[in-house]
Amino acid sequence: MILELLQALLKPGLVGGIVLALGAISGWGMCATPDFVLTRMMRWWVLKVLVPVLKRPSWALRASVIFINNAFICTALVACGAVPILPWFAISAAGLAIGSAIRVMVVEFSLEAESDNAEQKLSGKKAGDPLVSIGMLLNLLEIPAIGLTLALALMQLELPITQPAELGMSIEPWSFTFFWTLPMLAVAALGESMWMGRQHVFEK
């Protein structure tokens, strides 16, 4: 049954993934100009709001913030699915934000990555830290959670390209969100907080 559900949601999920990727590419490109309004907005968000929280020593606090942020975005996307055309704009906007935020983080922290001692970064202790590996593995659950969210957002539209494959049961978007997406996001947030704390990603 799980395999059938995945097959049914594959088409809207792929379509949503393409829209999200195009939005992310656009956000990355638009933030190439330092004085562009989107760049300044995302730099403020990343450096003044996001990074200070992620640098906190509390693993539980980091995980909670990551989960709340991701859960809010995913539930908002599913809610947009009830309004015609809106999920296309919402998914595009989410991709735009992701791409621009990644561009800002790469620019702001690349010098740190280049200047750090390579032996210190790739020391045996760090490279062999099992908590880092476990955290990154758990963090991968974000990918199917996002894919499921995109599928649930777009499948509600009466468009052939986003309609799920035939299935012997109805797919309730909110049931899937609460019983599948949110638990996966919670576990992914725990893993992300774990490896970030061990790797000191944003430490100057």
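**Close-up 1. Surroundings of A24 in the predicted model.** A24 is partly exposed, with a relative accessible area of 21%, because partly exposed covers values between buried, under 20%, and exposed, over 50% (1.4 Å probe, protein chains only). The residue sits in helix α1; helices (H or I, at least four residues) and strands (E, at least two) are DSSP runs, numbered from the N terminus. Apart from neighbours within four places in sequence, A24 is in contact with G95, L96 and G99, contact being heavy atoms within 4.5 Å. A24 and A97 are separated by 73 residues in sequence, yet their C-alpha atoms are 7.0 Å apart. The model is predicted: local features need pLDDT of at least 70 and side-chain atom pairs count only at pLDDT 80 or more, while totals for chains, interfaces and linings use all residues. Residues are numbered from 1 along each chain as its sequence is written, and side-chain values use heavy atoms, with hydrogens and water left out.

**Close-up 2. Helix α2, its span and its kink.** Helix α2 covers residues 37-54, 18 residues in total. The expected span is 26 Å at 1.5 Å a residue, taken as 1.5 Å times one less than the number of residues. The end C-alpha atoms lie 24 Å apart, which agrees with that span. A kink of about 35 degrees is centred on V46, where the bend is the angle between axes fitted to the seven residues ending at a residue and the seven starting there. V46 is also among the buried residues of α2, together with L38, T39, M42, V51 and L54.

**Close-up 3. The second largest pocket and its lining.** This pocket holds about 320 Å³ of space. A pocket is an open set of points on a 1 Å grid over the protein atoms alone, where a 1.4 Å probe fits, with protein on both sides within 12 Å along at least five of seven lines. Grid points are joined across faces, edges and corners, and the volume is the space filled by probe spheres set on the points. The lining has 15 residues, with L6, L9, P144, G147 and L148 nearest the centre; lining residues have an atom within 4 Å of a point. Two or more lining residues come from each of α1 (2-30), α8 (142-154) and α9 (173-199), and α1 gives the most, seven. By class, 13 lining residues are nonpolar, two polar and none charged.

**Close-up 4. The chain behind these views.** The chain has nine helices and zero strands. Of its 204 residues, 36% count as buried.

Methods
Ala, Val, Leu, Ile, Met, Phe, Trp, Tyr, Cys and Pro count as nonpolar, Asp, Glu, Lys and Arg as charged, and the others, Gly among them, as polar.
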